[in-house]
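Hi everyone, thanks for coming. I'd like to walk you through a structure that's new to most of you, so let's put it up on the screen.

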Amino acid sequence: MLIDTYGRVATDLRVSLTDRCNLRCTYCMPEEGLQWLAKPDLLSDDEIVRLIRIAVTELGVTEVRFTGGEPLLRPGLVGIVERCAELDPRPRMSLTTNGIGLERTARALRDAGLDRVNVSLDTLRPEVFQAITRRKRHGDVLRGLDAAHTAGLTPVKVNAVLMPGLNDDEAPELLAWALEKGYELRFIEQMPLDAQHGWKRDGMITAGDILASLRTCFTLTPEGEDERGSAPAERWLVDGGPATVGVIASVTRPFCRACDRTRLTADGQVRTCLFAREESDLRGALRSGAPDEEIARLWRLAMWGKKAGSGLDDPSFLQPDRPMSAIGG
Ligand code: SAM
Ligand code: SF4
């Protein structure tokens, strides 16, 4: 098991497949000038599958989430999913994506064994999409979402970040749209993980703001702690249910006590937390011929050192050196 000194057990593995992306969301990446990881530093498909196999068969991981950067940019994605679906025990597999290209690949991903997708979409307005992502790709995302739904990658979840002055008035509109489409909407508080280090606590839209805005149009009832488990999203029944809306309030209502995550970057580093400033190298061990048991031991050791919390509440909090796109969101 991947247990830490606070008794938490990590069963949910986030794997970043690339640090590259075809969007430039302002809360994540700068417009230009971000240094990509060098190709030889990236794990190969075989290395990724081997690490996932070790996590699933030796370390108790039951959920695997592929992310990035934009994971659909990884040429070997379908093959990686296919090979992971053959593992025993078979992990549940999902993908966090901006949806661009999903129109083409949703069916193949489903056939390969992917269970679900989370698609990031912050706005229903093409011009606001362009202001947030610095690209004109709104239509691609909507088509990607439709394709995922049709392919059965369900429940399709939609992640939205609200930015002051851009889309902070859009929460009720997004929820009405998600209800109509049958998508599960979750708002994510903006976190200090942008490459430009431009995040400001005073400027961010909080869970409280989001809920107040939604309550102008909907009745929200808390779903309760039992249903939440270790999920980061607090969920509310919308107008009595069964539909729900979630809020991931990493900044104002952190959920570190129940965290069950372990993370692997595209260059083979284990991270215990999005906000960790330390990483543990597995790529070096892989490439020096270490057997599975040694890799499992290094992974356990890394997780044993997981801190109690993200440190966001601490005045001495320092943003990690790597941005969200390189850590894997
Ligand atoms: N490119 C894919 C996507 O956008 O879904 C996967 C990677 S992205 C880093 C994963 C999620 O992190 C997205 O839902 C994105 O909106 C979110 N995200 C990125 N930067 C963030 C930040 N600074 N604060 C909160 N969420 C952020
Ligand atoms: Fe790309 Fe996702 Fe970051 Fe947007 S949030 S720039 S889509 S990695």
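Here's something to look for while you get your bearings: in which sense do β10 and strand β11 pair, and over how many bridges? They pair in the antiparallel sense, over two bridges. One thing before I go on: this is a predicted model, so please keep that in mind throughout.

Let's stay with that pair for a moment. β11 covers residues 269-271, and its V270 is the bridge partner of L264. The two strands form a hairpin with four residues between them, and in that hairpin G268 takes a positive phi near 80°. As for β10, it is covered on both faces: R261 and R263 are buried on one side, and T262 and L264 are buried on the other. So that's two arginines on the one face, both buried.

β10 has another partner too. Residues 261-264, that's β10, run parallel to β1, and four bridges join the two. If you want a place to point the cursor, R14 stands opposite R263.

Now zoom out. Where does this hairpin sit in the sheet? The sheet is open, has 12 strands with mixed pairing, and goes in the order β7-β8-β9-β6-β5-β4-β3-β2-β1-β10-β11-β12. At the edges you find β7, residues 220-222, and β12, residues 280-281; each has a single partner strand, so one side of each has no neighbour in the sheet.

Let's walk along to β6. How many of the five residues of strand β6 are buried? Five of the five, residues 184-188, so the strand is largely enclosed by the rest of the structure. Look at the two faces: E184, R186 and I188 are on one side, L185 and F187 are on the other, and they are all buried. β6 pairs with β5 in the parallel sense, over five bridges, and one match to find is K157 with its bridge partner E184.

Then there's helix α6, residues 171-181. Its buried residues are A171, P172, L174, L175, W177 and A178. What do they pack against? Quite a list: α5, β5, β6, α7, β8 and β9. Just after the helix comes G182, with a positive phi of about 85°.

On to the ligands. Ligand 1 has 18 residues around it, and the ones that come nearest are Y27, G69, E70, S120 and M191. Three of these make backbone contacts with nitrogen atoms of the ligand. Y27 has a polar backbone atom 2.9 Å from a nitrogen of ligand 1. G69 likewise has a polar backbone atom 2.9 Å from a ligand nitrogen. For M191, a backbone N or O atom lies 2.8 Å from a nitrogen of ligand 1. And how much of the ligand does the protein cover? On its own, ligand 1 has 540 Å² of accessible area, and the protein covers 95% of that.

What kind of residues make up that shell? There are six nonpolar, 10 polar and two charged ones. Some of them come from the sheet we just walked along: β3 and β5 each supply at least two residues of the shell.

Ligand 2 is surrounded by C21, L23, C25, C28, G69 and N98. By class that's four nonpolar residues, two polar and no charged ones. You've already met G69, by the way, among the residues that come nearest to ligand 1.

To finish, two arginines. R8 is in the segment before β1. Is R8 buried or exposed? It counts as buried, because its relative accessibility is 8% and the cut-off for buried is under 20%. A polar atom of its side chain lies 2.8 Å from the backbone oxygen of C256, and the side chain also reaches the backbone oxygen of A308, at 3.1 Å. Among the other residues R8 touches are L2, R257 and K306.

R83, in helix α2, counts as partly exposed, with 36% relative accessibility. Setting aside neighbours within four places in sequence, R83 is in contact with D45, D46 and V49. And R83 and I52, which are 31 residues apart along the chain, have their C-alpha atoms 9.9 Å apart.

That's my tour, thanks for listening!

Methods:
Residues numbered from 1 in each chain as written. Chains lettered and ligands numbered in written order. Predicted model: local features only at pLDDT ≥ 70, side-chain atom pairs only at ≥ 80, totals over all residues. Heavy atoms only, no water. Near = heavy atom within 4 Å. Polar contact = N/O pair within 3.5 Å; in protein donor to acceptor, adjacent residues only side chain to side chain. Areas by Shrake-Rupley, 256 points an atom, 1.4 Å probe, with all protein chains shown as cover. Nonpolar A, V, L, I, M, F, W, Y, C, P; charged D, E, K, R; others polar. Buried < 20%, exposed > 50% of the residue type's maximum accessible area, 1.4 Å probe, protein only. Contact = heavy atoms within 4.5 Å. Pairing = 2+ DSSP bridges.
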